[in-house]
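Trainee: Got a minute to go through this one with me? I'd like to start with the charged pairs.

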Amino acid sequence: MDKNYTVLVTGGAGFIGSHLVDRLVELGYNVRIIDNLSSGSLDNIKHHYEKKTVEFIRLDLKNREDLMDKLEGVDVVFHLAANPEVRVSTVKPEIHFNENILTTFNLLEGLRQKDIREIVFASSSSVYGEGGDIPISEQGEIKPVSVYGASKAACEMLMHAYSKLYDIRVIVLRYANIIGPRLRHGVLYDLLLKLSKNKHELEVLGDGSQTRSYLHVKDAVDASITAWLKSTREFDVFNVGNFDWITVRDIVSTILNTLKLQDIKVTYKPILHGVGWPGDVKKIILDITKLANLNWKPTFNSREAVESTVKSLVSELSLSF
C-alpha cells in the first residue's frame, strides 16, 4: 500500500480511533482526523499536534455539507465515529439513528461524490444478537436485540449497497469487546469507577454469567489494518475478537485480584434471563478463524487484556483503592 495515502479516521479522537491513528502514523501514513468530541478527547491525540502528517478537524458528520470539502485528497476512510453506549438505545433510540446511521449515510454520500473508493467500517458483534451457534462465524444470522446493534447492521447494509452500486471497496470489522488504555465506557470502566467510590461493596449488572471475548485495543488495531491490507475482496466482513472468552464474574475476580482488594461484597443485579439491561446479550463468542487465516493473532488473551486495562485506567484516572 502506498504510504503517501491520506487516511481519514472518523472518530479518531476516541478510544479505538486514537489508537488507530497512533498506528497509522507509526506506519508512515498521512492521517486526517474528524471528530465532534462528543465522546472523544483531544488528550488522546495531543501527542500528534506538531506532526505535519496529522490533521485534526472538529466536525459533526450529521452536517453533510460541512463534510464535503474535508474529504478532498482522501484515499481511504476508517469510519469509527459512533455512539458506543448500547444502554442509551433503551431510552433514547433516536441517538443511535442519528449518530450511527445518519452519519454513515452522509459519509457514504461524501465518498460517492468525491470518488473515494475505499472504506473500513467499525461494526460490532452486537449485530448477531444472542448469537445462535457458538462460536459464531461471519455467516451467522444478523438478529440484533438492541437499537445499537440494529444501527450497526443497518450501516453494514448501506455499505454493501454502496459497494455494489458505486464500486466502493468495503471492509467491515465486527468488533468484540475492545479494551485498553483510554477506555471510557463499558463494563470494565463502570466497575472500576464504582469501586473507586465504594471500596466495600460492588454492584454488578446481570447475574455475572454473561460471556464475551475481550481484545486489547492494540490487537484490535493490528487486526483492523491486517484486514484492510490483506483482504482481496470488494466487500469483506471480519469478526475481530479473541481466541478465548470470560464471564463478567471472571472480570470481577480479575479486577479485585489485580487491585489486591479483599472482603468486597459483590452484589449481582440480573433482569430477564440474567442480563444486565434491556438489549444486553447473555453470551456472544466470535469465530475469528477468517482473520487468523490472514496471519493475525492476538498478543493478549481475554484475562490478560483485562489485567492490563485495569492497570492502565487506574493510572490514567488517578484512581485510589
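Trainee: Which side chain does Arg184 meet in a salt bridge?

Mentor: Glu316. This is a predicted model, and in it the closest approach is 3.0 Å, N to O.

Trainee: Where do Arg184 and Glu316 sit in the chain?

Mentor: Arg184 is in the loop between strand 7 and helix 5. Glu316 belongs to helix 9. They are 132 residues apart, so the pair links distant parts of the chain.

Trainee: Is Arg184 buried, exposed or partly exposed?

Mentor: Partly exposed, because its relative accessible area is 36% and the class runs from 20% to 50%. Glu316 is partly exposed as well, at 33%.

Trainee: How many salt bridges does the structure hold?

Mentor: The count is 19. Another one of them joins Glu72 to Lys114, with 2.6 Å between the closest N and O atoms. Glu72 is in the loop between helix 2 (64-68) and strand 4 (76-79), and Lys114 is in helix 3 (residues 93-114). So this pair ties together parts 42 residues apart in sequence.

Trainee: What are the relative accessibilities there, starting with Glu72?

Mentor: Glu72 has 44%, which counts as partly exposed. Lys114 has 31% and is partly exposed too.

Trainee: What does Arg233 pair with?

Mentor: Asp236, with the closest N and O atoms 3.6 Å apart. Arg233 is partly exposed at 48%. Asp236 counts as buried, because its relative accessibility is 4% and the cut-off is under 20%.

Trainee: Which residues are linked in a network of salt bridges?

Mentor: Arg23, Glu26 and Asp222.

Trainee: Back to helix 9. What span should its residues give, and what do the end C-alpha atoms say?

Mentor: Helix 9 covers residues 302-316, which is 15 residues. At 1.5 Å a residue, the expected span is 21 Å. The end C-alpha atoms are 21 Å apart, so the two agree.

Trainee: What caps the N-terminal end of helix 9?

Mentor: Asn301 does. One of its side-chain oxygens lies 3.1 Å from the backbone nitrogen of Arg303. After the helix comes Ser318, with a positive phi near 50°.

Trainee: Which residues of helix 9 are buried?

Mentor: Among them are Ala305, Val306, Val310, Leu313 and Val314. Polar ones are on the list too, including Ser302, Ser308, Thr309 and Ser312.

Trainee: What do the buried residues of helix 9 pack against?

Mentor: Two helices are involved: helix 5 (187-197) and helix 7 (248-258). So are strand 7 (177-179), strand 10 (214-216) and strand 12 (246-247).

Trainee: Switching to the nonpolar core. Which members of the largest one touch the most others?

Mentor: Leu24 and Ile255, out of 71 residues. Helix 6 (residues 217-230) gives this core its largest share, seven residues.

Trainee: What does Leu24 touch beyond four places in sequence?

Mentor: Val7, Val9, Tyr29, Val31, Ile225 and Trp228. Apart from this core lies another, of 24 residues. Leu61, Phe121, Met159 and Ile168 are among its members.

Trainee: Last one. Where does Asn44 lie?

Mentor: In the loop between strand 2 (30-35) and strand 3 (54-58). Asn44 is buried, with a relative accessible area of 12%.

Trainee: Which backbone oxygen does the side chain of Asn44 reach?

Mentor: That of Ala13, at 2.9 Å. Leaving aside neighbours within four places, the contacts of Asn44 also include Gly14, Phe15, Ser18 and Arg182.

Conventions
Residues numbered from 1 in each chain as written. Predicted model: local features only at pLDDT ≥ 70, side-chain atom pairs only at ≥ 80, totals over all residues. Heavy atoms only, no water. Core = buried A, V, L, I, M, F, W, Y, C linked by side-chain atoms within 4.5 Å. Buried < 20%, exposed > 50% of the residue type's maximum accessible area, 1.4 Å probe, protein only. Helix = DSSP H or I, 4+ residues; strand = E, 2+ residues; numbered from the N terminus. Contact = heavy atoms within 4.5 Å. Expected span 1.5 Å × (residues − 1). Polar contact = N/O pair within 3.5 Å; in protein donor to acceptor, adjacent residues only side chain to side chain. Salt bridge = Lys/Arg side-chain N within 4 Å of Asp/Glu carboxyl O.
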